[in-house]
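Open the model in your viewer and show side chains as sticks. The tour goes from one strand to its partners and then to the core around them.

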Amino acid sequence: MENWESELEENTQGGQPPEQAPEQPAPPTGAQARRDASAGRELYLNVRVLVTMMGLFVLLFTFVARVIVVSGPSMQNTLFGGDLILVWSVGYAPKQGDVVVLTQESYQEDSIVKRVIATEGQRVDVDYAANTVSVDGMVLKEDYIKEQMFLPSWGEGVNHVVVPEGCIFVMGDNRNESADSRYPAIGIVDTRCVIGRGVAVLFPAHHWKGL
């Protein structure tokens, strides 16, 4: 009996201590609560600034300016396929000589890059034999064209015309590889189809220049 009581006493005294309940985290102090609130407010402000900036960028590149990638060889040697150009849209009215970006769904859904040859009320005459383009009887000095132009595969097309009100006549600088206002599927372009004026080549770096 004594041995049993002795063993029980030893087990009670020298055995594992009874499990204790886990300590509860101390409630946050006033300073810690203020830090948490400050961090939450900073996160909210950062998110709000980011959303505002994204909204401004969307508005900027929808109504003010945008970036367009040139496709095809029709504007060589002024522009090349793959060139990234900055296009100014807001308040723009097409002028003779401008490089413009436009849409003409009768030809294709993608945007088109061409040069304005004439605006409303002006007469355009394209003479393939003389390799000249005349506007109101004056031959244009076109140092930007790539090479002498030849009669295109579709024939004469729209080559002698007075540009109607609210429209423009456009051509590519690479006349022999350009579907433009001479081509019946494009023809005279309504100014409402003009997205904007090409301002500069942004990329690649070795093509950078103003337009």
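This is a predicted model. Start at the pairing of V116: its bridge partner in β9 is V170. Now select the whole of strand β4, residues 108-119, together with β9; the two run antiparallel and are joined by four bridges.

Next, select β9 alone, residues 167-171. Are its residues mostly covered or not? The strand is mostly covered, with five of its five residues buried. Colour C167, F169 and M171 one way and I168 and V170 another: the first group points one way from β9 and the second the other way, yet all are buried.

Add strand β10, residues 189-190. β10 pairs with β9 in the antiparallel sense, over two bridges. To find the place, select C167 and look across to D190 in β10, which stands opposite.

Now turn to the largest nonpolar core, which has 13 residues. Which of its members touch the most others? They are V124, V126, V133 and F169. Two or more residues of this core come from each of β4, β5 (123-127), β6 (132-135) and β9. Of these, β9 gives the most, with three residues. As background, nonpolar side chains in soluble globular proteins tend to be buried together.

Finish on V126. Leaving out residues up to four places away in sequence, select what V126 touches: T132, V133, M149, N159, H160 and M171. Two stops from earlier come back here: V133, among the core members that touch the most others, and M171, one of the buried residues of β9.

Definitions and conventions: Residues numbered from 1 in each chain as written. Predicted model: local features only at pLDDT ≥ 70, side-chain atom pairs only at ≥ 80, totals over all residues. Heavy atoms only, no water. Buried < 20%, exposed > 50% of the residue type's maximum accessible area, 1.4 Å probe, protein only. Pairing = 2+ DSSP bridges. Core = buried A, V, L, I, M, F, W, Y, C linked by side-chain atoms within 4.5 Å. Contact = heavy atoms within 4.5 Å.
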